[in-house]
Amino acid sequence: MHAAHLTENTGPDGVHTVDIPEPTPGPDDVVVDLHAAGVSFPDLLQTSAGYQVVRPLPCVLGSEGAGVVRSAPEGSGFSAGQRVAVLVNTGSWQQTVAVHPRSVFPLPDDVSLTAAAGMPLNYLTAHFALEERARYRSGETVLVHGAAGGLGVAALQVAAALGLETIAVVSTDEKAAVARANRATHTIAVDGFKDKALELTDGRGVDIVLDPVGGDRFTDSLRSLAPGGRAVVLGFTAGEIPTVKVNRLLLKNISVVGAGWGEHIRQLPDYPAQQWKTLGPLLSSGELQVPEPTVYPLTQAAGALHSLANRSATGKVALSLHP
């Protein structure tokens, strides 16, 4: 089968298309022929050994995809021909995977396999951030940094499905249009975002900040919080890891919490299946929406990663695994 191998930790150009044997499934595994696979920021970090989990080379990158079940063990809840999304810890940038049933998620017919391929990682992370870490409450307002990126779009869509108001922070008019298309209640520019967020909330501030960007905007994120607000740290795509003067937390009884979904599921591997019990019905009803990603052929996996590195990508990026 065709796959994309990371052969050296030299950045995106260390990824090459190869032919490898299909996986040998275990007795409990569901075998899925993937139509497409998601491309995420952790994949980019892994190409330079910059991710917290450094995998031995060569390896197949990717942790999510969508396709059709080829075979499934009796009692797994899945059957041949079923359309599913998957989480894969052995790499999803390959045409066929074998995964445990707890990492397979049924899809409604009106969600395309291409869109679903980029859903699990970001949507489950966004849900974890809002539900488990921010402990959202009805009627709250969420400020989303990097709102036109893959995780930002997922955060806007999940928040909308949960009935929350959102303020999308973006750097260009093009990215503002992406945020609006993904159900942002308001869009504001990065420059001066604190003052604008306060203006939109009549001076009160926002209840939750979701921040996958980090960098020098973090202090103003804290200043934009309402009393009792929560800032959720999701990553550092800006490159710089900010520091917090903890006296700021006392001023309005605010909190800073981390949302390490990957670490959480390493401890609780059944957690994504629990999340799907909430998100699956929202997806089926149309309350949760998944936009189509920007798609690259598998042979251009390096180009897909470069689009994340140079921030030219908007929304989700995915790889097509079949000609």
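Here are three short exercises, with worked solutions, on a predicted model.

**Exercise 1.** Which strands stand at the edges of the open sheet with the order 2-1-4?

*Solution.* Start with the order: three strands, 2-1-4, form an open sheet with antiparallel pairing. Strand 2 (15-19) and strand 4 (59-60) each have a single partner strand, so they are the edges, and one side of each is left without a neighbour in the sheet. Now look at one pairing: strand 1 (residues 2-6) meets strand 2 over five bridges, in the antiparallel sense. Within it, Ala4 has Thr17 as its bridge partner.

**Exercise 2.** Decide whether helix 4 (residues 150-161) is mostly covered or mostly open, and find what it packs against.

*Solution.* First count the buried residues: 11 of the 12 in helix 4 are buried, so the helix is mostly covered. Among them are Leu151, Val153, Leu156 and Val158. Next, find the neighbours: the buried residues pack against helix 3, strand 9, strand 10, helix 5, strand 12 and helix 10. Finally, step past the end of the helix to Gly163, where phi is positive, near 80°.

**Exercise 3.** Take the salt bridges Arg230–Glu140 and Arg70–Glu22, and work out for each whether its residues are buried or partly exposed.

*Solution.* Begin with Arg230 and Glu140, whose closest N and O atoms are 2.8 Å apart. Arg230 lies in strand 13 and Glu140 in the loop between helix 3 and strand 9, so the pair ties together parts 90 residues apart in sequence. Both residues are buried. Turn to Arg70 and Glu22, with a closest N to O distance of 3.1 Å. Arg70, at 39% relative accessibility, is partly exposed, and Glu22, at 40%, is partly exposed too.

Definitions and conventions: Residues are numbered from 1 along each chain as its sequence is written. This is a predicted model: local features need pLDDT of at least 70, side-chain atom pairs count only at pLDDT 80 or more; totals for chains, interfaces and linings use all residues. Side-chain values use heavy atoms; hydrogens and water are left out. Two strands pair if DSSP finds at least two bridges between them. Helices (H or I, at least four residues) and strands (E, at least two) are DSSP runs, numbered from the N terminus. The expected span of a helix is 1.5 Å times one less than its number of residues. Buried means under 20% relative accessible area, exposed over 50%, partly exposed in between (1.4 Å probe, protein chains only). Contact means heavy atoms within 4.5 Å. A salt bridge is a side-chain nitrogen of Lys or Arg within 4 Å of a carboxyl oxygen of Asp or Glu.
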